[in-house]
Amino acid sequence: MRVDLLALRLMCFAWLWPVTQLNSSHFPTKRRHKELDLGDSNRQKHGGRVDLKMKKLDSTKSLLIKSEQLLRIEDHDFAMRPGFGGSAIPVGIDVQVESIDSISEVNMDFTMTLYLRHYWQDDRLAFPSSSNKSRTFDSRLVKKIWVPDVFFVHSKRSFIHDTTMENIMLRVFPDGNILYSVRITVTALCSMDFSSFPLDTQNCSLELESYAYNENDLMLYWKNGNDSLRTDEIVLSQFFVEDFQPSFGLAFYSSTGWYNRLYINFILRRHIFFFMLQTYFPTMLMVMLSWVSFWIDRRAVPARVSLGITTVLTMSTIITGVSASMPQVSYVKAVDIYLWASFLFVFLSVIEYAAVNYFTTVEEMKKLKGAKLPASFNATQAMAFDGCFHDNDIDLTSFPEVCSTPNTERNTQSRNSTVSGPTEGTRLRRKNPLKHNLSFIMSNSYMIDSYSRVLFPLAYLLFNIIYWSLYA
């Protein structure tokens, strides 16, 4: 019975197998017809835009490959310069300065951001074009062709901006002309002269040169002459940019020969107002503050000494602060002359009081030695606040009058005889006026303060007139 059922199932399966194959062969055709009908309906509904969009996506998908084939990059050796073996290839340079980021006096350098554009012709990259339109590429194609190896002479650091992609642009024209533009930030050396600092003007330059190709292989030149250098509006905190000027020159290296070199020259004039507020005005005030001691009583030793020491220390702090922000140069700067001259005036005001105090002490000691003190007189009671003897602090009424004796009368007669006019045949000795004036000032020490009140301001005013007329 089981054998009969199995035989019946095999007969049914053999009868249904051709029918199954026939149906499977018809279903894909229907599915394809259905997709084609759907496509026709969408094309009629959207006006054929689906096929055009699909074609556009397909054409951009292999754009890079088509460009390499169009430019025939694989057919040439771009390790060699264009026209190798012939005359030097001319490369035009065009620069647009975006900003001057910083200027450092301590390191003697500047940082500049610029757009550097190269122009040359490479017949190997010429391509046919009915519309005569150029093609623009990014850095991926630049690595496969020859480009000029321009570098910055005396540069310390430099880099190509790479946010969000490398800031490199390559534009190829149908006739083989090429524009290669790159955005660079470079820090270069600037030999500064600080003889007139901070009233100085600095001349800096950025130099461009080919590294491998001398003048026999590559000729650098400014593409549009003086118009090849353009700048945006540049505002600096301490400098005013007076002028940007391109220039051209040659550089010689003993082992490789002569090279074309391009210069970007610019003049920087320093703003003086910052240094007037930070250096010059405080220095002037310290010098004038030292003159206040001339109006303080000469017996007030603590007041005058403390004022003089305070001004000297303040001037030392100002000089140290200015020197810390400047390079350690071996010559004298204009600000050094002003600061040290002002420091000299402050120092002389302290020395002036030392002279006044000394002459006052000498004068009062002479007065005390010329008088006979009674036995009951205590000399320490006549000491003033500053430790010196003063005539106003001593009561001389208690001293006994000196009696006249024959000796004193003889001395008086002798003094009178010396005062009398010269007799015939005697020689007159001229007194030294300088010594006489000096002895007069020593005996009247209070006059030193009186003269200093006038001489110190006049001398400082004369110094300022000469200083600002020479450096301003």
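In this predicted model, strands S6 and S7 form a hairpin, with 4 residues between the two strands. One residue in that turn, Gly 176, has a positive phi of about 95 degrees. The two arms of the hairpin, S6 (residues 168–172) and S7, pair in the antiparallel sense over 5 bridges. Within this pairing, Arg 171 stands opposite Leu 179 in S7.

Strand S7 has other partners too. Strand S2 (residues 109–121) pairs with S7 over 13 bridges, again in the antiparallel sense, and here Asp 109 stands opposite Leu 189. Strand S5 (residues 155–160) also pairs with S7, antiparallel and over 5 bridges; in this case Ile 160 stands opposite Ile 184 of S7. As for what holds such neighbours together, strands of a sheet pair through backbone hydrogen bonds, and they can do so either parallel or antiparallel. How much of S7 itself is covered up? Of the 13 residues in this strand (residues 177–189), 11 are buried, so S7 is largely enclosed by the rest of the structure.

Next comes an open sheet of 4 strands, which follow the order S4-S8-S12-S11 with antiparallel pairing. At the edges sit S4 (150–153) and S11, each of which pairs on one side only. Going from one strand to the next, the twist averages 25 degrees. At the S4 end, 4 bridges join S4 to strand S8 (residues 201–210), and these two strands run antiparallel. A look at one of the paired positions shows Phe 151 with Glu 209 in S8 as its bridge partner.

The S11 side of the sheet brings in some surface chemistry. A nonpolar surface patch of about 430 Å² is made by Phe 248, Leu 250, Phe 252 and Trp 258. Strand S11 (residues 239–253) gives the largest share of this patch, with 3 residues. Trp 258, on the other hand, lies in strand S12 (residues 257–270). Is Trp 258 buried, partly exposed or exposed? Its relative accessible area is 40%, so Trp 258 counts as partly exposed, because that label covers values between the 20% limit for buried and the 50% limit for exposed.

Finally, there is a helix worth a look. Ser 452 lies in helix H10 (residues 446–471). Its relative accessible area is 6%, so Ser 452 is buried, since buried means under 20%. What does the side chain of Ser 452 reach? The backbone oxygen of Ile 448 is 2.8 Å from the side chain of Ser 452.

Notes: Residues are numbered from 1 along each chain as its sequence is written. This is a predicted model: local features need pLDDT of at least 70, side-chain atom pairs count only at pLDDT 80 or more; totals for chains, interfaces and linings use all residues. Side-chain values use heavy atoms; hydrogens and water are left out. Patches are made of residues with over 30% relative accessible area and no salt bridge: like charges are joined within 9 Å, nonpolar side chains (Val, Leu, Ile, Met, Phe, Trp, Tyr) within 5 Å. Accessible areas come from the Shrake-Rupley method with a 1.4 Å probe; for residues, only the protein chains shown count as cover. A salt bridge is a side-chain nitrogen of Lys or Arg within 4 Å of a carboxyl oxygen of Asp or Glu. Buried means under 20% relative accessible area, exposed over 50%, partly exposed in between (1.4 Å probe, protein chains only). Two strands pair if DSSP finds at least two bridges between them. Axes are lines fitted to C-alpha atoms, for helices over the stretch in contact, and angles run from 0 to 180 degrees between N-to-C directions. A polar contact is a pair of N or O atoms within 3.5 Å; within protein, one must be able to donate a hydrogen and the other to accept it, and residues adjacent in sequence count only if both atoms are side-chain atoms.
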